[in-house]
Amino acid sequence: MSNSLLDALTAAELHCPVIVAGHPDYDRYRRVWNGIADRRPAAIVRPQDAEDVQKTVRAAASSGALLAVRGGGHSLPGLSTCNDGLVLDLSLIRSVVIDNNALTVDIGGGALLGDLDRATVPRGYIVPAGIISHTGVAGLTLGGGMGWMSRKYGLTIDSLLGAEIVLASGDITWTSPTWNPELFWAIRGGGGNFGVVTRFRFQLHPFDGIVAGQWIYPIEQARKVLSGLRDRARGQSRDFTISFTASHAGVNVTAVWSGDAERAGAALSPFGALADGANGGLENLPYLTLQSRNDVAFAWSRRYYAKGGFWSDISDQAIEHIIDAIARAPAPDCEIYAIQLGGAIRDVPDDATAYTGRSAGYYWLSEPIWDDMADDDRCIEWGRTTGRLLSDSSIIGNYVNEQGDTGSNIARDAYGAEKYQRLARLKARLDPANLFRLNQNIEPQE
Ligand SMILES: Cc1cc2nc3c(=O)[nH]c(=O)nc-3n(C[C@H](O)[C@H](O)[C@H](O)COP(=O)(O)OP(=O)(O)OC[C@H]3O[C@@H](n4cnc5c(N)ncnc54)[C@H](O)[C@@H]3O)c2cc1C
């Protein structure tokens, strides 16, 4: 570790664990979700409260150390770790406090989606978020946040009421529609560019369960399944959301209904009859089970890449690209995934938040998953090529959270020129030295 970082951390008099190479837990805490991001930070600080975060941010700034901020550790390109620098690991800050009168929930900046769902769902409430329970609330929310309940209740940021945030200066502040509103606009889609969020406050929504349908079709039926799925998904109510995953194993169609349970069968069953050979059916499964049943398929330490974008609808051309891509996939778990958007996401004007792409009908991902380092190049190349082809039928805007590549063009392309400039101006005001640069970075510019 550089002397200046060590000195700064010592001077900070932290009241929390600081882990350096040689510590028995170093290898455990330096791991992140994507096995490709096998990096060796100089120090990992595990703050217990906003004051620890404040001191650590100041130590990083004064020593000039590279700073990575980690919530759930699920950054696709491994942006929540680094070589030689400092990792600020928020995983000890994950309390969940529900206010039954205000119908709000406060949750720590290191909490996982499972922490949120386990606290809210059994009480009959929900905050719309993602679909895998071990994903971090912080990274997901700061980019936008989409999942099964987004068509009904909007993106995760659309339920955000406020956040406690530690700025690059080390100041701890609050941001909401009425307090630091420009910052509040920026953190709803602008990622981790503006500070370390130690606490989020979300609006709770009523929730009384779901019905899900899941069918796996032979891959040979992909053309029929995907065009039929597209046609039947059009015009569905906000209680309905569909997704598909195409891979060597077939086309996995999952449809979720979150409205009146008596109407679920009529809404979902047609998706089990899109082509011959469907295997599956309807399930009255608990929401917490739905949220965790793919946790193992996306387990920690496997190797991942992703390139994604928005479609207004599933075009015939995209379907042909998907069929070709699966035929040349270099590993069994090279997948193309898409989830239906629209509904409540479109109720919010596009310029109301930094997130860009509210008119989209679907979010798609080209997503190779593999285990052997020897397959890195060909799997990543497949992911990139497939992503480029699927981008042909994509619309403007993008989701910064599910891109395996980095570089200043990612944020510029995602937000568009006007929003990017607005974000860059705020960045110049709040983080002129670009301390928070391990993210889909917005470069400070007046
Ligand atoms: C298995 C898997 C499933 C996913 N499913 C979905 C899904 O259903 N819906 C969806 O919308 N997205 C989904 N994503 C994408 C997800 O939103 C991003 O990977 C997100 O960055 C994960 O957040 P994290 O806190 O786990 O990540 P981390 O790697 O911890 O952080 C990612 C970045 O977020 C910033 N950050 C993290 N914590 C903080 C904090 N407390 N304060 C400030 N900045 C912070 C940092 O810039 C960091 O580089 C999924 C990703 C994975 C890997």
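The centres of domain 1 and domain 2, taken over C-alpha atoms, are separated by 23 Å. This is a predicted model, in which local features need pLDDT of at least 70 and side-chain atom pairs count only at pLDDT 80 or more, while totals for chains, interfaces and linings use all residues. Residues are numbered from 1 along each chain as its sequence is written, and side-chain values use heavy atoms, with hydrogens and water left out.

The domain assignment divides the protein into domain 1 (3-89), domain 2 (96-207) and domain 3 (211-402); such bounds come from an automatic or database domain assignment. In the contact between the first two, domain 1 takes part with 13 residues and domain 2 with 16 residues, contact meaning heavy atoms within 4.5 Å.

The size of an interface is often given as the accessible area lost when the parts come together. Between domain 1 and domain 2 the buried area is about 960 Å², and carbon and sulfur atoms give 69% of this. Buried area here is the accessible area (1.4 Å probe) that two parts lose on being put together, summed over both. Of the area that domain 1 buries against domain 2, 38% is supplied by A50, V57 and H74, more than by any other three residues.

Polar features also occur at this interface. Between domain 1 and domain 2 there is 1 salt bridge, a term for a side-chain nitrogen of Lys or Arg within 4 Å of a carboxyl oxygen of Asp or Glu. The side chains of R58 and D171 form a salt bridge at 3.4 Å, N to O. Across the interface, 4 residue pairs are in polar contact, both residues at pLDDT 80 or more; a polar contact is a pair of N or O atoms within 3.5 Å, and within protein one must be able to donate a hydrogen and the other to accept it, with residues adjacent in sequence counting only if both atoms are side-chain atoms. On the side of domain 1 that touches domain 2, helix α3 (residues 50-63) gives the most, with 7 residues.

Helix α3 also holds E51 and K55, which, being 4 residues apart, are separated by about one helical turn. Their side chains meet in a salt bridge of 3.9 Å, N to O.

The ligand is surrounded by 33 residues, the closest being G71, G73, S80, M146 and Y399; a residue is counted if one of its heavy atoms lies within 4 Å. A polar backbone atom of G71 is 2.6 Å from an oxygen atom of the ligand.

Key:
Helices (H or I, at least four residues) and strands (E, at least two) are DSSP runs, numbered from the N terminus.
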